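Here are my notes for you to read alongside the structure. Keep the viewer open and look up each spot as we get to it.

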Amino acid sequence: MNTSAKPKLRLDALHERHTGLTASLGGTFFEAASVCLSRHHDSPVDMKVVCNGDASTQSVEFLKPDGRMLNAWANDIDTTESGAYGVSLAAVENEENLVAVRRAETLTGADWYVAPIGTELGDLENCFRLEVSGVDVGGQSVVDARLRQKIEQTRRGASNLPAIASVVGFKERAIAIQRVSDEK
């Protein structure tokens, strides 16, 4: 039986592909995502990715946290936020061919600036703002509701750069990514 392999969502070594991340920060995001996913699943897991209305399934491998890692990531809110950064950046890389080039400033309505792979960062003119959120529990309706909130947040941001909103549902195994238009 010949089956085609699912695309992989690579959470490891993010810093090697995203010039706006250090090895330490990329490792932090990988650890946090591993803790979030392991709360509900065993590795590997298939995640449904919906990007601008197009759906795909991608395979995700993650670490099995030991006691030390679980102790380090005992704050659920911080862990979910950091885990969502890692998963969203990997998903935007796969789906939109965009990588993190810089952390966004406060009040821009976003968390990261992302740019096409290979972009030389002289200024932000080729960048998108990326707003990220994560939800630990809840179904697709919770992910969709949070995505709507994040879309509105990017519209209110103090920036004229185009935006993308991304929400990771760890229990639901779902990633929702939407380019944001100025239309309500």
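**Notes on a predicted model**

1. Let's start with Ser-34, which you'll find in helix H1. Keep in mind that this is a predicted model. Is Ser-34 buried or exposed? Its relative accessible area is 0%, and buried means under 20%, so Ser-34 counts as buried.

2. Who sits around Ser-34? If you skip its neighbours within four places in sequence, Ser-34 is in contact with Phe-62, Leu-63 and Pro-65. Try showing those side chains together with Ser-34.

3. Now zoom out to the whole helix. H1 covers residues 23–38, and H3 covers residues 76–96. At what angle do the axes of H1 and H3 cross? The answer is roughly 110 degrees, and the two axes come within 7 Å. Angles of 65 to 115 degrees count as roughly perpendicular, so that is the word for H1 against H3. On the H1 side, the contact is made by Phe-29, Ala-32, Ala-33, Val-35 and Cys-36. On the H3 side, the residues include Thr-79, Gly-83, Tyr-85 and Leu-89. Sorted by class, this contact has 8 nonpolar and 5 polar residues, with no charged ones.

4. While you're on H3, have a look at Glu-81, which is found in that helix. Its relative accessibility is 44%, and partly exposed lies between 20% and 50%, so Glu-81 gets that label. For a sense of distance, pick Met-47: the C-alpha atoms of Glu-81 and Met-47 are separated by 18 Å, and the two residues are 34 apart along the chain.

5. Met-47 takes us to strand S1, residues 45–51. Which residues of S1 are on its covered face? They are Val-45, Met-47, Val-49 and Cys-51, while Asp-46, Lys-48 and Val-50 make up the uncovered face. Why the every-other-one pattern? In a regular strand, side chains alternate between the two faces of the sheet.

6. Next, the partners of S1. S1 and S2 (residues 54–60) run antiparallel and are joined by 7 bridges. Asp-46 of S1 stands opposite Ser-59 in S2. The hairpin of these two strands has 2 residues between them, and Asn-52 there takes a positive phi near 55 degrees.

7. S1 also pairs with S7, residues 174–180. Do S1 and S7 run parallel or antiparallel? They run parallel, with 4 bridges joining them. To find one on screen, go to Cys-51: its bridge partner in S7 is Ile-177.

Methods:
Residues numbered from 1 in each chain as written. Predicted model: local features only at pLDDT ≥ 70, side-chain atom pairs only at ≥ 80, totals over all residues. Heavy atoms only, no water. Axes fitted to C-alpha atoms, helices over the stretch in contact; angles between N-to-C directions. Parallel < 35°, antiparallel > 145°, perpendicular 65-115°, else oblique. Contact = heavy atoms within 4.5 Å. Nonpolar A, V, L, I, M, F, W, Y, C, P; charged D, E, K, R; others polar. Buried < 20%, exposed > 50% of the residue type's maximum accessible area, 1.4 Å probe, protein only. Pairing = 2+ DSSP bridges.
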